[in-house]
Each structure stands twice: as C-alpha cells, then as structure tokens.
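Here's a quick briefing to read alongside the sequence and the 3D view. Take a look at the picture first, then work through the notes.

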Amino acid sequence: MGRLLLALVAFALVAAVAKMVIVALVIGGLIFRTKETIGLLLLGGLFTLMSKHPAIGIPLVIGLLVIGFMAKKAEETAE
C-alpha cells in the first residue's frame with residue numbers, strides 16, 4: 001500500500017510540474033510569439049475534439065489541411 005501511495009504522489013507531482021511548464025510556455029508564447037501560441041492552442045483544441053467526437057474532428061482537420069495546402073500553393077504561384 002505504501003508503494004501505491006508513493007506512486008500516486010509522484011504522479012501528482014509530475015503532473016503539477018508539467019502543468020506549470022505548459023502554463024509558462026503559453027504565457028511566454030503570448031508575450032513573444034502570439035501567432036504560434038494561438039496556433040498551438042487551436043491544435044490542442046482540435047486534438048481534444050478529435051478524441052471526443054471523431055466524426056466531426058477528423059473531417060475538420062482534413063479540411064484545414066487542404067485549405068492550408070491550397071493557400072501555400074496560391075502563395076507560391078503569386079511569387
């Protein structure tokens with residue numbers, strides 16, 4: 001029983017440190033690189049949506065990839 005309690009405490013400590021690191025990265029990103037941070041937060045939201053509602057999330061991600069590819073091609077041809 002002691003080992004289980006120790007494992008749970010260690011897991012909680014690692015989870016708390018990971019959360020603090022993520023919050024620090026987001027805050028740093030919001031201060032220095034807003035565009036990239038917003039993109040990462042949106043990706044996180046999309047992954048959550050895909051895990052909870054794959055029938056909605058997967059076509060949405062595919063559509064975003066196609067739109068991104070088309071925008072990239074249009075940008076390359078404009079140059």
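Let's start with valine 21: its relative accessible area is 44%, so it counts as partly exposed, a class that lies between buried (under 20%) and exposed (over 50%). Keep in mind that this is a predicted model.

**The overall picture**
- The protein chain has 3 helices and 0 strands, so if you read from the N terminus, you'll meet the elements in the order α-α-α.
- Out of the 79 residues in the protein chain, just 5% are buried.
- The chain exposes about 6900 Å², and carbon and sulfur atoms supply 79% of that area.

**Around valine 21**
- You'll find valine 21 in helix 1, which covers residues 2–32.
- Val21 also helps make a nonpolar surface patch of about 510 Å², together with Leu13, Val17, Met20 and Leu25.

**Around leucine 49**
- Leucine 49 sits in helix 2.
- With a relative accessibility of 25%, leucine 49 is partly exposed too.
- Leaving aside residues up to four places away in sequence, leucine 49 touches Pro54, Ile56, Gly57 and Leu60.
- Leucine 49 and leucine 60 are 11 residues apart along the chain, and their C-alpha atoms are separated by 9.6 Å.

**How confident is the prediction?**
- The mean pLDDT of the protein chain is 76, with 90% of its residues at 70 or more.
- Confidence is lowest in helix 2 (residues 34–52), where the mean is 73, and highest in helix 3 (residues 54–78), at 81.

Conventions
Residues are numbered from 1 along each chain as its sequence is written. This is a predicted model: local features need pLDDT of at least 70, side-chain atom pairs count only at pLDDT 80 or more; totals for chains, interfaces and linings use all residues. Side-chain values use heavy atoms; hydrogens and water are left out. Patches are made of residues with over 30% relative accessible area and no salt bridge: like charges are joined within 9 Å, nonpolar side chains (Val, Leu, Ile, Met, Phe, Trp, Tyr) within 5 Å. Accessible areas come from the Shrake-Rupley method with a 1.4 Å probe; for residues, only the protein chains shown count as cover. A salt bridge is a side-chain nitrogen of Lys or Arg within 4 Å of a carboxyl oxygen of Asp or Glu. Helices (H or I, at least four residues) and strands (E, at least two) are DSSP runs, numbered from the N terminus. Buried means under 20% relative accessible area, exposed over 50%, partly exposed in between (1.4 Å probe, protein chains only). pLDDT is the predictor's confidence in each residue, from 0 to 100. Contact means heavy atoms within 4.5 Å.
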